[in-house]
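The following note sets out several points for a colleague who is beginning to read this structure. Please keep the sequence and the model in view while working through them.

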Amino acid sequence: MADNYLENQYAQYAARKAAFEREKQLGKHRAKKTASSSVSTSKAHQSIEVPLNNFAFHNPVQLYFGEGEIAKINTLIPADAKVLLTYGGGSIKRNGIYDQVMAALSGFKIIEFGGIEANPDYDTLIQAVTICKQEEVDFILAVGGGSIIDGSKFIATAVMHDGDPWEIVTSGQSIRKALPIGTVLTLPATSSEMNERAVISRRAMKVKLAFYGPALFPQFSVLDPTAIYSLPKKQISNGLVDVFIHVAEQYMTTTEYMVTDRMAEGIIQTLVELAPCLMTSEQMDYNVAANYMLTATLGLNNWIAMGATQDWASHKIGHELTALTGLDHGETLAIIYPGTMDVMRREKQEKILQYGERIWGITSGDVDTRIDMAIAKTETFFVQTGKKVRLADYGIGQDIIDKIVGRFEEKDMHLGEHGIVTPTHIRKILESRL
Ligand code: NZQ
Ligand code: ZN
């Protein structure tokens with residue numbers, strides 16, 4: 001199944017280390033390249049030294065895309081199902097999506113659970129788990145953004161879990177049993193609508209943890225671009241940055257892949273093209289909304305991850321930053337990612353040069369100048385999409401950095417592709433973003 005590369009944070013690290021050792025033994029690990037100003041990224045295929053990894057691919061999510069598709073959900077949920085309808089703080093009631101969903105589900109037995117917060121909280125979700133058990137709910141319909149979908153994935157898993165539900169995020173077990181869920185997406189960003197991942201927070205413990213598994217794929221997701229017309233600019237900006245960095249985590253690595261690199265670059269280029277329109281237009285255009293929604297889904301539905309070695313260090317650090325400060329997910333990434341590019345510039349050199357050339361047209365200058373330019377372009381893109389890019393911009397200082405690094409040091413957790421990002425690197429990344 002497709003979840004084999006991301007079981008949990010600890011298992012991932014162990015697997016990466018083992019894979020790295022295996023590659024070393026097989027003599028497959030790429031030789032470190034010498035810095036040269038004449039590296040030509042148009043010859044990327046000549047530099048492939050690590051082949052595509054073996055992989056299995058499975059993504060069973062049925063997508064229903066386009067205006068008016070919400071009306072179809074009554075054909076997608078079993079007629080006799082008792083449905084838990086989950087949503088957030090009320091945006092769906094203000095923009096008419098709730099009314100469309102209720103109209104489509106007329107005649108169904110529905111129990112509502114609203115009030116799931118951004119960065120869904122364990123204590124809130126547990127209340128829904130109790131309701132599901134008492135009411136014998138057998139289908140969950142999540143209507144909202146990543147937080148609602150992820151929270152619903154947790155509820156769906158916890159209902160079927162014997163034992164302490166907190167084990168779902170701490171055990172590292174791949175999730176293979178959960179209630180079926182469907183989604184109506186209202187915020188393009190996470191791709192949770194088409195993947196088997198989820199992240200929840202436990203504010204009482206100041207932690208934010210991910211869990212994965214094939215049972216977390218929604219059965220269906222409805223993507224109606226008109227549902228995103230009501231998004232505040234801040235959420236569009238968060239989404240643009242999140243999608244950009246999902247792609248970067250799967251692309252800006254120590255490895256080059258011919259076709260999936262081109263797919264990743266296509267997604268990033270589309271974001272760069274869409275961003276000014278999304279951020280400045282007063283009224284959203286259907287075609288822009290539709291293209292953005294599809295782009296976001298493609299960012300993390302595992303297609304560009306086929307056979308690829310992946311990074312995810314910035315996301316892991318970002319989750320700690322959210323857990324300790326409450327910053328939005330997208331806000332954390334805009335701060336951290338330029339630091340990851342900078343601190344890991346030697347390891348990721350070839351890829352950063354390729355990215356710089358293919359996305360931003362950077363073709364001249366020595367290697368470090370070109371890398372500096374690629375980082376500057378990335379940071380400027382985040383600023384232009386309305387993001388602050390320094391910890392100090394949010395009043396965050398050294399004390400939080402020490403806490404975050406301490407958490408990774410405590411477990412001797414290394415991040416990134418092949419575990420190349422050590423706690424020392426994590427400190428450097430964060431300190432470079434003060
Ligand atoms: O709560 P309501 O009132 O609905 O308002 C929400 C919320 O305040 C609002 N919103 C959503 N759709 C709207 C809207 N407002 C107006 N019109 C609409 N159409 O937006 C706010 C943020 O919503 P949220 O669901 O939190 O945003 P997002 O989709 O960015 O999700 C973020 C969460 O997803 C996790 C993040 O860590 C974070 O917890 N992620 C999940 C991933 C996954 N499952 O694969 C991967 C990501 O890397 C990420 O970690
Ligand atoms: Zn993300």
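1. How are the donor residues of the zinc ion (ligand 2) spaced in sequence? They follow the pattern D-x3-H-x68-H-x13-H. The structure discussed here is a predicted model, and the points below should be read accordingly.

2. The protein donors behind that pattern are D242, through OD, and three histidines, H246, H315 and H329, each through NE2. They lie 2.0 to 2.2 Å from the zinc ion. D242 belongs to helix 8 (residues 233-251) and H315 to helix 11 (residues 313-325), so this pair ties together parts of the chain that are 73 residues apart in sequence. D242 and H315 are both buried.

3. Ligand 1 is surrounded by 33 residues, and the closest are G89, S91, G146, S147 and K208. Two contacts involve the backbone: an oxygen atom of ligand 1 lies 2.7 Å from a polar backbone atom of G89, and an oxygen atom of ligand 1 lies 2.7 Å from a backbone N or O atom of G146. A side chain also takes part, since an N or O atom in the side chain of S192 is 3.3 Å from a nitrogen atom of ligand 1.

4. How much of ligand 1 does the protein bury? Taken alone, ligand 1 exposes 960 Å², and the protein buries 89% of that area. The elements giving two or more residues to the surrounding shell are helix 6 (146-160), strand 6 (197-202), helix 8 and helix 11. Helix 8 and helix 11 have already appeared in this note, as the elements that hold D242 and H315.

5. D328 deserves a separate look. This residue sits in the loop between helix 11 and helix 12 (329-343). Is D328 buried or exposed? Its relative accessible area is 17%, and the limit for a buried residue is under 20%, so D328 counts as buried. The side chain of D328 makes a polar contact of 3.1 Å with the side chain of K234. Leaving aside residues up to four places away in sequence, D328 touches K234, Q235, N238 and T322.

6. Finally, the confidence of the prediction should be taken into account. The chain averages a pLDDT of 92, and 88% of the residues score at least 70. Over residues 1-10, however, pLDDT stays under 50, and the model has 38 contacts beyond four places in sequence for them. Over residues 27-48 pLDDT likewise stays under 50, with 46 such contacts in the model.

How values were computed:
Residues are numbered from 1 along each chain as its sequence is written. Chains are lettered from A and ligands numbered from 1 in the order in which they are written. This is a predicted model: local features need pLDDT of at least 70, side-chain atom pairs count only at pLDDT 80 or more; totals for chains, interfaces and linings use all residues. Side-chain values use heavy atoms; hydrogens and water are left out. Donors are N, O and S atoms within 2.8 Å of the metal (3.2 Å for Na, K and Ca); water is not among the atoms, so sites may look incomplete. Helices (H or I, at least four residues) and strands (E, at least two) are DSSP runs, numbered from the N terminus. Buried means under 20% relative accessible area, exposed over 50%, partly exposed in between (1.4 Å probe, protein chains only). pLDDT is the predictor's confidence in each residue, from 0 to 100. Contact means heavy atoms within 4.5 Å. A residue is near a molecule or strand if one of its heavy atoms lies within 4 Å of it. A polar contact is a pair of N or O atoms within 3.5 Å; within protein, one must be able to donate a hydrogen and the other to accept it, and residues adjacent in sequence count only if both atoms are side-chain atoms. Accessible areas come from the Shrake-Rupley method with a 1.4 Å probe; for residues, only the protein chains shown count as cover.
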